[in-house]
2 protein chains.
Amino acid sequence: MTDDAHRRRSGGRAARQAARLHAHVERTPFLTRTFKPFEVLGEEGLATIEHNADTILEEVGVEFRNDPEALRVLRDGGADVQGERVRFSRGMCRQIVQATAPREFVQYARNEANNVRIGGDATVFAPNYGSPFVRDLDNGRRYGTIEDFRNFVKLAYLSPHLHHSGGTVCEPVDVPVNKRHLDMVYSHIRNSDKPFMGSVTAPERARDTVDMARLTFGADYLETHPVTISLINANSPLVWDSVMLGAARAYAEANQATLLTPFILAGAMAPVTAAAVCAQTLAEALAGMTFVQLVRPGAPVVLGSFASSMSMQSGAPTFGTPEPALVLYVMAALARRLGVPFRSGGSLCASKVADAQAAYESAATLQPTVLGGVNFVLHAAGWLEGGLSVGYEKFILDADQCGMMAVFVKGVDLSENGQGLDAIRENGPGQHFLGTAHTLANFESAFYRSETADNNSFEQWVEDGSLDAAQRANRIWKRMLAEYEAPPIDPGIDEALLDFIARRKASFPDSDV
Amino acid sequence: MTDDAHRRRSGGRAARQAARLHAHVERTPFLTRTFKPFEVLGEEGLATIEHNADTILEEVGVEFRNDPEALRVLRDGGADVQGERVRFSRGMCRQIVQATAPREFVQYARNEANNVRIGGDATVFAPNYGSPFVRDLDNGRRYGTIEDFRNFVKLAYLSPHLHHSGGTVCEPVDVPVNKRHLDMVYSHIRNSDKPFMGSVTAPERARDTVDMARLTFGADYLETHPVTISLINANSPLVWDSVMLGAARAYAEANQATLLTPFILAGAMAPVTAAAVCAQTLAEALAGMTFVQLVRPGAPVVLGSFASSMSMQSGAPTFGTPEPALVLYVMAALARRLGVPFRSGGSLCASKVADAQAAYESAATLQPTVLGGVNFVLHAAGWLEGGLSVGYEKFILDADQCGMMAVFVKGVDLSENGQGLDAIRENGPGQHFLGTAHTLANFESAFYRSETADNNSFEQWVEDGSLDAAQRANRIWKRMLAEYEAPPIDPGIDEALLDFIARRKASFPDSDV
């Protein structure tokens, strides 16, 4: 531990600024569940799917493409490598992962009050990831820019319900593809002090992320503290490609965390049936996590699952349907049995706007996310259109739902005050409780107060302009951005980061790939 | 059993009409869960709340107001009656209820294919109940009429996702208060052949309901077959009034089912804390069910719970918040421990329109409704504005969500086809599954197909008019009503019902109470 160094970074003027900020950014750093996760399959069903995953790994195998170094690592680790096809004997991946991967870990933030625990009974909400488009009520749908990117980082920083700054909250399309990762990582560090994600679009961009993290946290610090977590997607079915493998290796070598995530549109990247999606997801994730553990035993890995159903009409991904919810519950249980943290879920939808469809679909994903016990939740706020777009209003509405989940997971207060038996004794039949001592003592904290719901009378609502939820959210994000103040940062660190970015940008030409 | 009589009613021409109808009204008669309900409290916590409920019943007691006959029944049953205050010794109510109340029962419908099982692992969705206002996109918010009432009965009849015709789907404000129950019950019988609810606004209106049911099903049939289920609300805290007691007695005497439901706005009709709401709800419901079992041992009763949180600003009820969800999960577990069916939940919201607020809030109630194992779900479709209004578009959107739940509760298919291992074996890494034999064989039934979601591309959605979910739902309910055909009915029964209604209406003057 280098807690001293960490404390030093937050001391003095910075600490005072942080304290001032925290006066109006009140929050818990992550959710902690008080109940057992919901389960849709029993022991036998889960064991069947684990057996099938092992069958896939042993008989079919996984391709590790265009990466001879990865094949060498896997062969040395005991896998059967023939060309690019890698097969694992039954139980081998499980054994390797269980031997060294941590059951849970802490991702450290620039502000230690924002450190998050990933795994166990903890749930961490991170915003939308990867959308080329952004949307708001004023300007409709358009390509995302670095300005939009910074706005979403600021909103996630300001939201008490989001625990993480995320990664590619939107694609900043106005910055060259091969340089935008530098601006994105800088924004996460400068516009927020919550934990963040690194670049994965090329191994050297992952290394840039690590270099910037080292400038921010200190080079030694990273060796024992994961300060980034990064999204490594499988190229399903049963393929890991060299870009993702290279990024995964760069992060693992620096002891940084990775989310090994099969991205499966059922019927396209896997069979259409839930049990098959689960077996294939487990096989792919196991192969990926095994690779990371062979690169650096003990590097934090998270089992990821992103599964969607499909429209029979168009072949488009669909969200909020029952089938992906079932997959989520099963995969969460499989991750627990394996003993690694789990990533899935979010506020996913296919809707183009923040309407009832968007909300139903998002809730139909977020509820299983929380009840199933997902540990790291990407896309918890903002997602629209199957991820093609991130919405400003949707972001605000989703974050409010995340806030409700934080209260829900605390469960029922069974203290004497919670039981409230004396209040019932003293009040008696037919008497309302509005003015009783128990009500007055508990009213402030009794109920979650939604920031976006209108609970007024119909008449008052009409008088207020008959606004729908999206229109109210529009006012909220504008007010938040108007009131935003950047968190404090050591000027020396800031200068070093800006210098690093300038040097890197000057060292190679712009490119659109 | 009088199954012969029942079959006779559905025979001949009627059966042929029914068969024709069912060709395009495909559905399961109710949901059957394949997994254990979600629990937020363990054995110890639940026992504490049961203990507190008994303490309330023993120390504080419950008032049974303006009903000397009820007090006599309770005194004869062993309760301690002082004035209108009735106290029950610890365990007494539980013992009486468990001795004779059925753990589950069937509510019989005019079309036996629509019979519903109430209790155990079954969930029955019934529409909105009790709203004075209706809303649609074309005409906004207005008082409900008998025309609106019939429209909602028709929509519930036509929806494959609703299992029940409900009761006061909206208040038909254009019919005198003291006669509208006749038109409402007739509409349920004539415009639908799903099971329905009876009138509870006066004991004689309950008896009218029973009389109309006898004309429809045969007088003897009712003695052994519950064909109505009716909503008996407590006047919380800790009061049962004579209107509800009279209605409950009328139904119990005819062996018809009742939902004994404390309606609690936490902070007003009970303390603000969840554990107190649960203990009080259990106490009130136990007292009500005990009364019914003393009136007629074995009459079907359902433990009901309707709990909402409250806006600190206005004192208005709020919905979709975490606290009522916790209460729901606890009450469902308490009902299971008691061994009676459970009523709660629905698609509740405070929103005035079918927007994102409405959908988030409704989903935040409907998910616990299904995962908690609610058996009878009132307000499953249409509810707006804390129940003040029922929306046509909201009805369509909610029903679609109910359809998703029906698929969800079936769980994961672990058949060989469901496991799909051969499909993965045959396909291999990097090959999509779109055209494989397994996909083609399963695609039709693989995914729930939403009737209201737009899953097209953004460009296609724009071309289709950039409609939001409510606008699409508007088209759907209009098409449904345009295509509606009444289910068949024996002309003799229809004539008898109309004659009964005419005679009753002529026998007393109109009144607005």
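**Notebook: salt bridges, core, cysteines and a small sheet**

I started with E39(A), which makes a salt bridge to R336(A), with the closest N and O atoms 3.2 Å apart. Worth writing down at once: this is a predicted model. I then looked up where the two partners sit. E39(A) is in the loop between β1 (31-32) and α3 of chain A, while R336(A) is in helix α12 (residues 322-338) of chain A, so the pair ties together parts that are 297 residues apart in sequence. Buried or exposed, I wondered? E39(A) is partly exposed, at a relative accessible area of 32%. R336(A) is also listed as partly exposed, at 29%.

**More salt bridges**

I moved to chain B and picked E43(B), whose side chain meets that of R337(B) in a salt bridge (2.8 Å, N to O). Here E43(B) belongs to helix α3 (residues 43-60) of chain B and R337(B) to helix α12 (residues 322-338) of chain B, so this pair ties together parts 294 residues apart in sequence. E43(B) counts as exposed at 56% relative accessibility, whereas R337(B) counts as partly exposed at 29%.

My next pick was R117(B), which forms a salt bridge with E104(B); the closest N and O atoms are 3.1 Å apart. R117(B) lies in strand β6 (residues 116-118) of chain B and E104(B) in the loop between α5 (92-100) and β5 (105-107) of chain B, so the parts tied together are 13 residues apart in sequence. E104(B) is partly exposed, with a relative accessible area of 36%.

Back in chain A, I found a network: salt bridges that share partners join E43(A), E50(A), R94(A) and R337(A). How many salt bridges are there over all chains? The count comes to 59. Note to self: side chains of opposite charge can pair when their charged atoms come close.

**Two threonines in chain A**

I checked T48(A) and placed it in helix α3 (residues 43-60) of chain A. T48(A) is partly exposed, at 23% relative accessible area; the cut-off for buried is under 20%, so T48(A) does not count as buried. I also looked up its separation from A279(A): the two are 231 residues apart in sequence and 8.8 Å apart in space, C-alpha to C-alpha.

T258(A) is in strand β13 (residues 257-265) of chain A. T258(A) is buried, with a relative accessible area of 0%. Which residues is T258(A) in contact with, leaving aside neighbours within four places in sequence? I listed I229(A), S230(A), I232(A), A248(A), Y251(A), V292(A), P300(A), V301(A) and V302(A).

**A leucine that reaches across chains**

L434(B) sits in the loop between α16 (421-427) and α17 (437-446) of chain B. L434(B) is partly exposed, with a relative accessible area of 41%. Leaving aside neighbours within four places in sequence, L434(B) is in contact with G267(A), A268(A) and M310(A) in chain A, plus T439(B) and L440(B) in chain B. I also took the separation from N255(B): L434(B) is 179 residues away in sequence and 55 Å away in space, C-alpha to C-alpha.

**Core**

The largest nonpolar core has 336 residues, and those with the most contacts inside it are F64(A) and F64(B). I followed up on F64(B). Not counting residues up to four places away in sequence, F64(B) touches L71(B), L74(B), E84(B), V86(B), F88(B), W240(B), L245(B), A287(B) and F291(B). For background, nonpolar side chains tend to be buried together in soluble globular proteins.

**Cysteines**

I searched the whole structure for disulfides and got zero over all chains. C170(B) is in no disulfide, and the nearest cysteine sulfur, that of C349(B), is 16 Å away. C170(B) counts as buried at 0% relative accessibility. C278(B) is in no disulfide either, the nearest cysteine sulfur being that of C93(B), 18 Å away. C278(B) likewise counts as buried, at 0% relative accessibility.

**A four-stranded sheet**

Last entry. In chain A, four strands form an open sheet in the order β9-β8-β20-β19, and the pairing is mixed. Which strands are at the edges? They are β9 (140-143) and β19 (383-384) of chain A, each pairing on one side only. β19(A) is joined by two bridges to strand β20 (residues 389-391) of chain A, and these two run antiparallel. Looking at single residues, I noted L384(A) opposite S389(A) in β20(A).

Methods. Residues numbered from 1 in each chain as written. Chains lettered and ligands numbered in written order. Predicted model: local features only at pLDDT ≥ 70, side-chain atom pairs only at ≥ 80, totals over all residues. Heavy atoms only, no water. Buried < 20%, exposed > 50% of the residue type's maximum accessible area, 1.4 Å probe, protein only. Contact = heavy atoms within 4.5 Å. Pairing = 2+ DSSP bridges. Core = buried A, V, L, I, M, F, W, Y, C linked by side-chain atoms within 4.5 Å. Disulfide = S-S within 2.5 Å. Salt bridge = Lys/Arg side-chain N within 4 Å of Asp/Glu carboxyl O.
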